[in-house]
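Got your viewer open? Let's take a walk through this one together, stop by stop.

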Amino acid sequence: MAKESNRRVVGTATPLAPLLQCRRSPSSPCKPMEGFCFARCRFTRLVVAMQLVMGVLVICISMASLHRFYATDALLPGGPGLDDPARCARFHAAAGGDGYAGFDIRALADRVDEVLVQLAELQDKLEATALNIGKKSKKRKGKAAQLQQENMTMPEFRRFLEDEVIHPLYGAHIALRLIRIPRPDPDGGEGGDAPAVDPLVNFFGAEETRKYVTAKRNREGRPGAYGANRTYGTIGHACVLMRRELDEYMSYDVGALCPDDWDLGQRLMLGGCDPLPRRRCLARASKLFRRPLPTNESLWAIPDDGNVRWSRYHCRSYRCLSARNPRRGYDRCVGCFDMDRERRRWVSGGNGNGSATTLADFRIDEVLAVKPGEVRVGLDVTVGTGSFAARMRESGVTVVTTAVNLGAPFAETVALRGLVALYATLGQRLPLFDNSMDMVHTAGVFDGWVDLQLLDFVLFDWDRVLRPGGLLWVDKFACARKDLDDYMYMFLQFRYKKHRWVVSFKSRDEVYLSALLEKPPRS
């Protein structure tokens, strides 16, 4: 029992005095002005010293946390918060018109528990490391072997501190600093009693996400360029339902290269987490990136394979994306990467074989003739490689193309052809001002699958950005025959002027709807 007690004392309570001095020897005496001799210190004593420092740090953090709670006047005995039931009810988000109803006390408790777990795991790891080193050192025989086992080089010691001590401590430190407790807001409410709570700041786990959603106040109270005294980073509300994926997306090294996870970001966007939070990392590019072709050559040429990151696609080259390849990895806009076929669209009356589907194909020159000289800028909502925008550019019209990479590099291809690709989903409000577009063109996006209420919101957003007299070009909207009346009403409810309206058969049970509509003036 005495030996076991002595072993416990040596393993866990070694004094710190040996760390502050070197062991003298006739061959290598310590110089008077030297401080620490880390290279010759015993590793066990270093770990024990860190355990003591960790204990002091835990005590300081606990006291700081209690101080922050006490500052809310709602925790420690004697505080005015306990004497005022109304303030206590406000803090706990109870019923009350001007209370802290937006504060999530459960998220705060989860965040504090997470920090405590991190600190406990770090202390257990340090204790286990010290115990293992003590056991291994006893198995060694000979003084040289013992010194080789117990001593460690400076690079090894530095790596151990960074990986096992500094990073976990930094994570716990940031997690505590980002905890937000509601306090009176000096800029809001009469008397400064309005709570200043950052939405969702205690909900997400990734440090970068919490930093992003935290309100950024203007420096020194100066007025901002947009007239606000603070700026919030915006995210889609469905990010709350995809918390694990968002935390994975926002876990990266600040200032370093971003992970190759654009597909994860797109999955978040399509799931409703749109807009995504900004990231503070450097976007990756293809290692084989080459200078793009000039504008006069790039419009109708397949880009270089080396300019695309193919790691997340089924294909690894543009040749693989051919419509003749049954394993191309995508099923929308088949043939979009065949530039010879794309070049004939909107100029030769459809596919040129005289089939019934050509009735629903309008030529660009016919459409522009409806408003000669008035169509200057437009928006193309489609799934494709930007061929419509390329053809309109040849007619002197600037068109922005929405593009999402649905199994193929649509967005990259649009940009490499010298066109503007707007990386946006249908769930996002168009980042365009009211009455700013001369034309909105849509093709191949809805195809009869879209919910009527979603289509209603989208169409009203298109109506918002179209100027009076602007053109809405519905290009071969495909749907089932039984649903045609419902979809026709969705377009006709705006009372646009009909320049062209064509319904043709796609198959026995499906039809195409093509229309060219003009927005009426409203004031």
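Which residues lie nearest the centre of the largest pocket? Select Tyr249, Met269, Leu276, Pro277 and Tyr423, which hold that spot among 36 lining residues.

Before going on, a word on what you're looking at. This is a predicted model, where local features need pLDDT of at least 70 and side-chain atom pairs count only at pLDDT 80 or more, while totals for chains, interfaces and linings use all residues. Residues are numbered from 1 along each chain as its sequence is written, and side-chain values use heavy atoms, with hydrogens and water left out.

**Stop one: the pocket**

The largest pocket holds about 1,100 Å³ of space. Here a pocket is an open set of points on a 1 Å grid over the protein atoms alone, with protein on both sides within 12 Å along at least five of seven lines; a cavity is a set where a 1.4 Å probe fits but cannot get out, and lining residues have an atom within 4 Å of a point. Grid points are joined across faces, edges and corners, and the volume is the space filled by probe spheres set on the points.

Now colour helix 10 (262–270) and helix 15 (410–416), the elements that give two or more residues to this lining. Helices (H or I, at least four residues) and strands (E, at least two) are DSSP runs, numbered from the N terminus. Helix 10 gives the largest share, 4 residues. By type, the lining has 18 nonpolar, 9 polar and 9 charged residues. Nonpolar means Ala, Val, Leu, Ile, Met, Phe, Trp, Tyr, Cys and Pro, charged means Asp, Glu, Lys and Arg, and the others, Gly among them, are polar.

**Stop two: the loop after helix 10**

Show Cys239 and Cys273 as sticks: a disulfide joins them, with 1.8 Å from S to S. The cut-off for a disulfide is a pair of cysteine sulfur atoms within 2.5 Å, and the count by this rule is 4. This one is right-handed because the torsion about its S-S bond is about 90 degrees. Cys239 sits in the loop between strand 2 (230–231) and helix 9 (243–249), and Cys273 in the loop between helix 10 and helix 11 (295–298), so the pair ties together parts 34 residues apart in sequence.

Stay in the loop between helix 10 and helix 11, where you'll also find Pro275. The peptide bond from Asp274 to Pro275 is cis, with omega near 15 degrees.

**Stop three: the sheet**

Switch to cartoon view and find the open sheet of 7 strands, ordered 5-4-3-6-7-9-8 with mixed pairing. Two strands pair if DSSP finds at least two bridges between them. At the edges are strand 5 (420–422) and strand 8 (497–505), each pairing on one side only. Strand 4 (398–402) runs parallel to strand 5, and 3 bridges join them. Click Thr402 and you'll find its bridge partner in strand 5, Leu422.

Next, highlight helix 14 (387–394), which packs on the sheet and touches strand 3 (377–382), strand 4, strand 6 (437–443) and strand 7 (466–480). Touching means heavy atoms within 4.5 Å. The direction of helix 14 makes about 175 degrees with that of strand 4; axes are lines fitted to C-alpha atoms, for helices over the stretch in contact, and angles run from 0 to 180 degrees between N-to-C directions.

**Last stop: an enclosed space**

There are 2 cavities of 30 Å³ or more. The second largest has about 40 Å³ of space, and strand 7 gives the largest share of its lining, 4 residues. Among the lining residues is Asp447, in the loop between strand 6 and helix 16 (452–465). What is the phi of Asp447? It is positive, about 55 degrees, although Asp447 is not a glycine.
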